[in-house]
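Q: I'm new to this one. Could you take a close look at a single part for me, and walk me through how its pieces sit together?

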Amino acid sequence: MSAHRRIVMVAIAGALIISTSGPMVRMADVSPATSAFFRCAYAVPPMLVLAWLERRRSGPMPRKALLPAYSAGAVFALDLLFWHHAIEYVGAGLATVLGNLQVFIVAFAAWAVFGERPSTRLMVGTPVVFGGVVLISGVFDSAAYGSDPMMGVLAGVATSLSYAVFLLLMKAGPDRGAGPLAHATVVTAATIALLSPVFGGADFTPAWPAHGWLLLLALGPQVLGWSLITYSLPRQPAALTALLLLIQPMTTVGISALALGERPSVLQLTGCAVIVFGVLYGSRRTQPVLTEVEQDEQVPKTSTV
């Protein structure tokens, strides 16, 4: 397996793991600020252990990497608070879709900031994927799912903006996974605690079984899922990671239908298929066209005796 394909598979695995976030939030059945806080607070100890192991292997994290990590943590707090409210308004599946419209923002911002010109396949695949996202969102359905679709859309768009900034800040960090994410997670938990009164307040003493779901949310999506994603971010174009992360809403829609009874329509299921096609197409690298000299250099030389 090539190095590029391996990095892509790591990012896809991370996206699949974090796709369970929305259903776990619904199963916890606590306020948005409560679930957002505990998914990070419970994740801090294992993230610090992973960061310590990474430090022993690779040395201390550069000081210049701290500011992007801290900034990413503050922005991720907004991402989680907006997104957990979107789940309350339109359900786990559609909220996850709305929160993943970051692909356009990341693609063009990475072009401007990092000089990462999107590949032709990525440029073609992105609107295809976006078309699938629109179908999943239920915009063209007469029976829109959710208690307050309009507020859900607003919260989802705010989530996407925050999500895009978070990904770009993590991309700007060092070629590491655990260290920056550990710093960001600590800042996220503290920021959510401070902002919770503005977002409806957090219950810092939830009862069981809510604690169990929040613990799973922290150890699975927050620690394992995001560790895989932050590992892949510095190793491939940010726009490609953003596109691969759109596997998350597709999977969440399926999980929510099975576990929570959120029934997607035919159009929404069609959107899932469109996303799969777009991601597979956009994540493939085109083979470079070789000159005649380069082709000759790649031909094995045989000795004549």
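A: Sure, let's start with a bit of vocabulary: the axes here are lines fitted to C-alpha atoms over the stretch in contact, and the angle between two of them, taken between N-to-C directions, runs from 0 to 180 degrees. Keep in mind that this is a predicted model.

Now to the helix pair. Helix 3, which covers residues 32-41, packs with helix 9, residues 178-195, at an angle of about 155 degrees, and their axes are 8 Å apart. Angles over 145 degrees count as roughly antiparallel, so helix 3 is roughly antiparallel to helix 9. Their crossing is left-handed.

Which residues do the meeting? On the helix 3 side you'll find A33, A36, F37, C40 and A41, and they meet T185, T188, A189, I192 and A193 of helix 9. Sorted by class, this contact between helix 3 and helix 9 has eight nonpolar residues, two polar ones and no charged ones.

For another spot to click on, try V129, which is in helix 7 (residues 120-137). V129 is buried, with a relative accessible area of 0%. Leaving aside residues up to four places away in sequence, V129 touches L243, L246, I275, G278 and V279. Its C-alpha atom is also 8.3 Å from that of G271, although 142 residues separate the two along the chain.

How far can you trust the picture? The protein's average pLDDT is 81, and 86% of the residues score at least 70. Over residues 287-305, though, the pLDDT is below 50, and that stretch has four contacts in the model beyond near neighbours in sequence. Where pLDDT is low, the predicted coordinates shouldn't be read in detail.

Key. Residues are numbered from 1 along each chain as its sequence is written. This is a predicted model: local features need pLDDT of at least 70, side-chain atom pairs count only at pLDDT 80 or more; totals for chains, interfaces and linings use all residues. Side-chain values use heavy atoms; hydrogens and water are left out. Helices (H or I, at least four residues) and strands (E, at least two) are DSSP runs, numbered from the N terminus. Angles under 35 degrees count as roughly parallel, over 145 as roughly antiparallel, 65 to 115 as roughly perpendicular and the rest as oblique. A crossing is left-handed if the near helix is turned anticlockwise from the far one by less than a right angle, and right-handed if clockwise. Contact means heavy atoms within 4.5 Å. Ala, Val, Leu, Ile, Met, Phe, Trp, Tyr, Cys and Pro count as nonpolar, Asp, Glu, Lys and Arg as charged, and the others, Gly among them, as polar. pLDDT is the predictor's confidence in each residue, from 0 to 100. Buried means under 20% relative accessible area, exposed over 50%, partly exposed in between (1.4 Å probe, protein chains only).
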